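Hi everyone, thanks for making time for this one. I'd like to walk you through a structure I have been looking at, so let's put it up on the screen.

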Amino acid sequence: MARIEGAAAAPRHLRVVRPRAAVSARPRPDVATRRTVVALLGATTFLVLGGLVMVLSASSVSAYTQYGSSFLFFKRQAAYAVVGSGALLLTARMRYHVWRRLAIPLLTITVVLLAMVLLHPTAGVSAYGSTRWIALGPVTIQPSEIAKLTLVVFAAAVLARKWNRLEDLGHVALPLLPVAGAMCALVFLQPDLGTTIILVGTLLLLLFAAGVRLRYLVTGAAAMVAVAIVALKPYQWARITAFLHPEADPRNTGYQLLQSLIALGSGGWLGVGLGASRQKWMYVPNAHTDFIFSILGEELGLIGELAVLAAFVLLVYAGVRIATRAPDTFGRLLAAGIVSWFGLQTVVNLGAVTGLLPITGVPLPLLSYGGSSLVVSLAAVGILVNIARAPARAAARKAVSKTRRRAA
């Protein structure tokens with residue numbers, strides 16, 4: 001009590017004032033934000049590490065048969081995971097507003113890369129009847145994977161700028177629809193129907209999240225279906241409709257789905273054991289890429305499948321929370337676009353693997369083999385982390401400003 005009275009009685013010019021700015025300068029996210037970020041990064045880490053294990057298991061036979069090394073695809077995927085982790089750390093530290101300024105340069109680079117795949121005879125790399133990759137020495141990149149993030153960034157920037165005039169369809173459509181249409185056309189001509197569906201679906205979900213009227217979106221979706229009916233070739237229609245009756249052509253269009261269902265059904269509750277899959281012995285095509293979930297279900301059973309599904313649900317849930325808590329319109333739209341892309345691609349892949357949707361050749365995010373997909377997806381997760389931490393940074397800047405005004 002004596003010390004308190006002495007301090008109160010001290011002259012004003014001798015009192016020690018502790019600076020508050022140093023305490024408030026560091027962003028301190030609230031508990032809910034920290035939990036959201038932990039959930040997002042935890043689900044991402046689980047999927048990436050699980051993907052590495054499953055890529056090693058699912059690709060071991062085909063890699064040894066073709067290249068003489070069972071670890072080839074695993075080593076590549078591990079290298080991609082390291083690069084992707086660096087991309088995540090970089091985008092997590094970048095202020096997400098930077099992406100608004102980078103929208104046009106990123107769009108230009110993406111369109112050039114997509115055009116190179118189709119027009120440059122020595123740059124494009126063909127596989128499975130499609131030309132989707134560009135060879136840069138020992139590394140190949142898939143521009144259509146970059147296009148997913150590019151479209152989300154560009155659409156979020158346009159919609160944020162036109163936020164007060166979303167009721168005017170003509171105003172919203174320019175330049176968003178011509179640019180998105182050109183990008184989708186370049187991807188479709190590779191041909192890459194699956195990625196085209198992801199691009200169109202992500203854009204529609206983002207427009208829905210922005211509040212564009214539902215009748216406009218339904219009309220746009222109907223127009224896209226009409227274009228697809230005219231543009232698709234007979235073999236593409238046969239592949240799309242094969243999921244309805246795969247047993248009608250078990251050695252051709254229905255073969256991949258039937259083998260996938262055999263793998264999933266063989267797993268039971270606990271699976272046949274990690275690495276013990278029989279279907280990966282050249283029965284399931286693309287076992288380490290588009291159909292990695294089939295091998296996972298066979299080896300780890302229903303328990304493993306539910307664990308992966310729970311991780312995806314947690315990732316999407318965390319992304320939705322980040323979108324709803326973003327401090328501005330662009331942040332909300334950017335997060336909503338990334339979450340729509342992840343969620344839609346997961347549904348399309350799992351639907352194809354289980355026979356609920358047509359097979360379109362879409363990888364499972366963060367889990368399937370593929371360098372471009374993994375690196376771009378991890379960069380997108382880093383953007384979500386930065387958006388999640390933005391309210392804490394804004395609060396810290398406000399506290400510092402208030403402290404400085406008081407000191408002045």
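**A pocket, a core and some unusual backbone**

Let me start with the second largest pocket, which has a volume of about 1100 Å³. Keep in mind throughout that this is a predicted model. The lining of that pocket is made up of 39 residues. If you want to find its centre on screen, look for Val200, Gly220, Ala221, Met224 and Val225, which lie nearest to it. Which helices supply at least two residues each to the lining? Those are helix 7 (169–188), helix 8 (193–210), helix 9 (214–231) and helix 10 (234–241). Helix 9 has the largest share of the lining, with 12 residues.

Now let's step back to the whole chain. The protein chain has 408 residues, and 48% of them count as buried. In terms of secondary structure, we have 14 helices and three strands. Taking the contacts in the chain with a separation of 6 or more, 72% are between residues 24 or more positions apart. On the outside, the chain exposes about 20500 Å², and 67% of that area is supplied by carbon and sulfur atoms.

On to the inside. The largest nonpolar core holds 98 residues, and the ones with the most contacts inside it are Leu159, Leu334 and Ile338. Which helix gives the most to this core? Helix 13 does, with 13 residues. As for Ile338, leaving out residues up to four places away in sequence, this residue touches Val152, Ala380, Ile383 and Leu384.

Let's stay with helix 13 for a moment, which runs over residues 329–354, and pick out Ser340 in it. Is Ser340 buried or exposed? Ser340 has a relative accessible area of 13%, so it counts as buried, given that the cut-off is under 20%. And what does its side chain reach? The partner is the backbone oxygen of Ala336, at 2.7 Å. Beyond its neighbours within four places in sequence, Ser340 is in contact with Thr202, Leu205 and Leu206.

Further along, Val348 is also placed in helix 13. Because its relative accessible area is 10%, Val348 counts as buried too. Once residues up to four places away in sequence are set aside, Val348 touches Ile198, Leu357, Thr360 and Val362. There is also a distance to mention here: from C-alpha to C-alpha, Val348 and Pro363 are 9.0 Å apart, with their positions 15 residues apart in sequence.

Now for the backbone geometry, which I know some of you will want to inspect. As a reminder, most residues other than glycine have a negative phi, and most peptide bonds are trans. Where are the cis bonds I'd like to show you? One runs from Leu174 to Pro175, with omega near 0°, and Pro175 sits in helix 7. Another cis peptide bond joins Gln190 and Pro191, with omega about -10°. Pro191 is placed in the loop between helix 7 and helix 8.

Then we come to phi. Asn286 is not a glycine, yet its phi is positive, at about 55°. You will find Asn286 in the loop between helix 11 (255–267) and helix 12 (292–325). Leu366, again not a glycine, has a positive phi of about 70°. This leucine belongs to the loop between helix 13 and helix 14 (371–407). Is Leu366 buried or exposed? Its relative accessibility is 3%, so Leu366 counts as buried.

One last stop: enclosed space. Rolling a probe the size of a water molecule over the atoms shows where empty space is left. How many cavities of 30 Å³ or more does the structure hold? There is one, and the largest cavity has a volume of about 40 Å³. Its lining consists of Thr33, Thr36, Arg321, Ile322, Arg325 and Ala388. Two or more of these lining residues come from each of helix 3 (31–67) and helix 12. Helix 12 gives the most, with three residues.

That's my tour. I'm happy to go back to any part of it on the screen.

Notes
Residues are numbered from 1 along each chain as its sequence is written. This is a predicted model: local features need pLDDT of at least 70, side-chain atom pairs count only at pLDDT 80 or more; totals for chains, interfaces and linings use all residues. Side-chain values use heavy atoms; hydrogens and water are left out. Helices (H or I, at least four residues) and strands (E, at least two) are DSSP runs, numbered from the N terminus. Buried means under 20% relative accessible area, exposed over 50%, partly exposed in between (1.4 Å probe, protein chains only). Contact means heavy atoms within 4.5 Å. Accessible areas come from the Shrake-Rupley method with a 1.4 Å probe; for residues, only the protein chains shown count as cover. A polar contact is a pair of N or O atoms within 3.5 Å; within protein, one must be able to donate a hydrogen and the other to accept it, and residues adjacent in sequence count only if both atoms are side-chain atoms. A nonpolar core is a set of buried Ala, Val, Leu, Ile, Met, Phe, Trp, Tyr and Cys residues joined through side-chain atoms within 4.5 Å. On a 1 Å grid over the protein atoms alone, a cavity is a set of points where a 1.4 Å probe fits but cannot get out, and a pocket is an open set with protein on both sides within 12 Å along at least five of seven lines; lining residues have an atom within 4 Å of a point. Grid points are joined across faces, edges and corners, and a volume is the space filled by probe spheres set on the points.
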